[in-house]
Amino acid sequence: MDSSMNYRSWTTEDLQQCHERNKKRKEASKLKDFTCSKCGARAVPSHYVYYAAWEMVDLIMCIMCTHWYAMHKMVLKDPKTHFVARDNAYTVGDENLSKNLQRGFGGALFIIRFPDGAIVESTNLWHRGAVPTEWQEDLPNTAFFLRG
Ligand SMILES: [Zn+2]
């Protein structure tokens, strides 16, 4: 076997990116705690992987609020895939998933109705968590379960 086919040599750009990542990683470990601008919780960016830590700092949010911020963006971008019902967030997974892979809710059938009348059936629905009080205005209920 030709081992040169398994990897390529590092370019100057690769080394530069690696250097930048290491620098951000090192700086992230020294980030100071702050108060979340959304929920008021203590945010401790130094406890998280560097890219999550920097996102917390950029958003001035705790780790949980960065999760809900991302969910909010996903609901706006693709509201038939990511939605809120009964004050809980859900994501419709791929229906054509290999039989070997785990399905959301063990493959149980859910039938979801949206305000525009669209109906989505899913046997691969994933629960993303109960929407916290602070996020309920940004993430209102956007769908109903007809089944599930
Ligand atoms: Zn928060």
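In this predicted model, helix H1 meets helix H2 through Lys24, Arg25 and Ala28 on the H1 side and Tyr50, Ala53 and Trp54 on the H2 side. Sorted by class, this contact comprises four nonpolar and two charged residues, with no polar ones. H1 covers residues 12–28 and H2 covers residues 50–59. Their axes are 9 Å apart and enclose an angle of about 65°, and the crossing of H1 past H2 is left-handed.

**The chain as a whole**

The chain holds three helices and eight strands. Read from the N terminus, the order of elements is α-β-β-α-α-β-β-β-β-β-β. The radius of gyration of the chain is 20 Å, whereas a compact globule of 148 residues would have a value near 15 Å. The C-alpha trace spans about 55 × 55 × 25 Å along its principal axes. Of the 148 residues, 18% are buried. Among contacts with a separation of 6 or more, 56% join residues that are 24 or more positions apart.

**The three-stranded sheet**

Strands E3, E4 and E7 form an open sheet in the order E3-E4-E7, and their pairing is antiparallel. The edges are taken by E3 (82–85) and E7 (125–130); each has a single partner strand, so one side of each is left without a neighbour in the sheet. On average, neighbouring strands of this sheet are turned by 30° against each other, direction ignored.

E3 is joined to E4 (residues 88–92) by four bridges, and within this pair Val84 has Ala89 in E4 as its bridge partner. Helix H3 packs on the sheet and touches E3, E4 and E7. The direction of H3 makes about 105° with that of E3. On the other flank of E4, five bridges lead to E7 in an antiparallel arrangement. There, Ala89 stands opposite Gly129 in E7. Ala89 is thus matched with Val84 as well as with Gly129.

**The E5–E6 pair**

A further antiparallel pair consists of E5 (residues 110–113) and E6 (residues 119–122), joined by four bridges. In this pair, Arg113 stands opposite Ile119 in E6.

**Two hairpins**

E3 with E4, and E5 with E6, each form a hairpin. The turns are set side by side below.

| Hairpin | Residues between the strands | Turn residue with positive phi | Phi |
|---|---|---|---|
| E3 and E4 | two residues | Arg86 | about 50° |
| E5 and E6 | five residues | Gly117 | about 95° |

**Positive phi outside glycine**

Arg86 has a positive phi, near 50°, and is a residue other than glycine. Arg86 lies in the loop between E3 and E4. Arg86 counts as exposed because it has 11 C-beta neighbours inside 10 Å, and the cut-off for exposure is 12 or fewer.

Phe105 likewise is not a glycine and has a positive phi of about 50°. This residue is placed in the loop between E4 and E5. With 16 other C-beta atoms within 10 Å, Phe105 is partly exposed.

**Val75 in helix H3**

Val75 belongs to H3, which runs over residues 63–77. Is Val75 buried or exposed? Val75 is buried, because 23 other C-beta atoms lie within 10 Å of its own, where 20 or more are required.

Leaving aside residues up to four places away in sequence, Val75 touches His82, Phe83, Val84, Leu139 and Thr142. One of these, Val84, is the residue whose bridge partner in E4 is Ala89. The contacts of Val75 with His82, Phe83 and Val84 accompany the packing of H3 on the sheet, in which H3 touches E3. Val75 and Met61 are 14 residues apart in sequence, and the C-alpha to C-alpha distance between Val75 and Met61 is 19 Å.

Methods. Residues are numbered from 1 along each chain as its sequence is written. This is a predicted model: local features need pLDDT of at least 70, side-chain atom pairs count only at pLDDT 80 or more; totals for chains, interfaces and linings use all residues. Axes are lines fitted to C-alpha atoms, for helices over the stretch in contact, and angles run from 0 to 180 degrees between N-to-C directions. A crossing is left-handed if the near helix is turned anticlockwise from the far one by less than a right angle, and right-handed if clockwise. Two residues are in contact if their C-beta atoms, placed from the backbone, lie within 7 Å. Ala, Val, Leu, Ile, Met, Phe, Trp, Tyr, Cys and Pro count as nonpolar, Asp, Glu, Lys and Arg as charged, and the others, Gly among them, as polar. The radius of gyration is taken over C-alpha atoms; the globule rule is 2.2 Å times the number of residues to the power 0.38. Two strands pair if DSSP finds at least two bridges between them.
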